[in-house]
Amino acid sequence: MVEHQFGGPWTELKLDAVCYYLECYTRALSQRQFDLWFVDVFAGTGERTGERLTGGLLESQPMRWVSETLPGSAKRALNIRPPFTHFIFNETDRKHQKALQAIKEANPSLDIEILGQDANAAVTEIFSRSVWRRGANGSARAVVFLDPYALQVDWATLELLAKTQCVDVWYLFPLHDVTRQLARKMSGIGSKEKRLERVLGTAWRELYELPPPTNEMFSNTLFGSIPEFAEEEYRKATKAQIEAWFKSRLAGLFPYVSEPLPLFTNIKQQKFSLFLAVANPSAPAVNLAQKFHRHVLKNYAPKASRHTFVR
């Protein structure tokens, strides 16, 4: 077994939320004779190694952390009932690919395809296939899981998925990493400009604006000089504002974009925002997604707000 150690309780919360939606999705669409696909372009090994705190007074044992093997997104998707018809798992790591291949061989009755491309290239290749050309008028429907480790999903990939008109996209937006890339002063962006444009599109500069002249901008120097950044664009946007801005950007592409589920990696640090974006413009498709997502928020938002974290 190839160990894939990543995340913590917030990872389980993310997978629980997505898989709850998948069960609602397949239950509704399988009754309508759709051809259902699940596409995971950061599939890992299909499993992950996590840590759990055991012991304590109730167990009459000393408290300690123990490692355990948990099913990842790929394995959990295979167990959704009613099932998807087709599965595509993409992973660039060779060892992880072998682990996914072993899962495929252990499930010979399932239509599982393993790819080893860059995630953005994989999405481009998959959705250039003839099965998707009829869009919302065809029978093919997919849930696409974009679960990057960092800044790996291109804005062009989101644009492409929106144009299919037949996919639901769960996107783990790397809010913390995006915020770190956005220097306080525009002049501090430097070589990060291309990366920001790739991930956020050309509109990322909207997150900068000339600041109003406030007392906080002026240093208490002997001469009362104006600091250098008062003359240039200065980012005031907080994480919450960046999250809201990105949601509005997604809404410019997709007919429906959910409120994000916040995911915290420690007691104070929101690292990710989990969005659902629906490409199908039809009212029934949007209404169904909204209904399912309301249940997701009802069941999992309270857990997210408690800021579960791993040591």
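**Exercise 1. Work out whether Leu 274 is buried or exposed, and say where this residue sits.**

Let's start with the accessibility: Leu 274 has 0% relative accessibility, so this residue counts as buried. Keep in mind that we're working on a predicted model. The cut-off for buried is under 20% relative accessible area.

Next, place the residue: Leu 274 belongs to strand 10, residues 270-278.

Then list what surrounds it. Beyond the neighbours within four places in sequence, Leu 274 is in contact with Lys 14, Ala 17 and Val 18, with Trp 170, Tyr 171 and Leu 172, and with Glu 259, Pro 260, Leu 261 and Leu 263.

Finally, try a C-alpha check: Leu 274 and Pro 174 are 100 residues apart along the chain, yet 8.9 Å separates their C-alpha atoms.

**Exercise 2. Find out which faces of strand 4 are covered, and which strands pair with strand 4.**

Count first: of the 5 residues in strand 4 (86-90), 5 are buried.

Now split them by face. In a regular strand, side chains alternate between the two faces of the sheet. Here one side carries His 86, Ile 88 and Asn 90, while the other carries Phe 87 and Phe 89; all are buried, and both faces are covered.

On to the partners. Strand 1 (residues 35-40) pairs with strand 4 in the parallel sense over 4 bridges, and Val 39 has Ile 88 as its bridge partner. Strand 5 (residues 111-115) also runs parallel to strand 4, this time over 5 bridges; there, His 86 is bridged to Asp 111.

**Exercise 3. Describe the largest nonpolar core, and name a few members of the second one.**

The largest core has 50 residues, and Phe 127 and Phe 246 make the most contacts inside it. Zoom in on Phe 246: leaving out residues up to four places away in sequence, Phe 246 touches Trp 155, Leu 158, Tyr 171, Phe 173, Leu 200 and Phe 275. A separate second core holds 43 residues, including Val 18, Leu 36, Val 143 and Val 296.

**Exercise 4. Characterise the largest pocket by volume, lining and class.**

Volume first: the largest pocket holds about 220 Å³ of space.

Then the lining: 18 residues line the pocket, with Leu 29, Arg 141, Asn 280, Ala 285 and Leu 288 nearest its centre. Helix 1 (9-29), strand 6 (140-146), strand 7 (167-173) and helix 9 (283-305) each give two or more residues to the lining. Helix 9 provides the largest share, 5 residues.

Last, sort by class: the lining has 13 nonpolar, 2 polar and 3 charged residues.

Definitions and conventions: Residues numbered from 1 in each chain as written. Predicted model: local features only at pLDDT ≥ 70, side-chain atom pairs only at ≥ 80, totals over all residues. Heavy atoms only, no water. 1 Å grid on protein atoms, 1.4 Å probe; cavity = no way out; pocket = protein on both sides within 12 Å on 5 of 7 lines; lining within 4 Å. Points joined across faces, edges and corners; volume = space filled by probe spheres on them. Nonpolar A, V, L, I, M, F, W, Y, C, P; charged D, E, K, R; others polar. Core = buried A, V, L, I, M, F, W, Y, C linked by side-chain atoms within 4.5 Å. Buried < 20%, exposed > 50% of the residue type's maximum accessible area, 1.4 Å probe, protein only. Contact = heavy atoms within 4.5 Å. Pairing = 2+ DSSP bridges.
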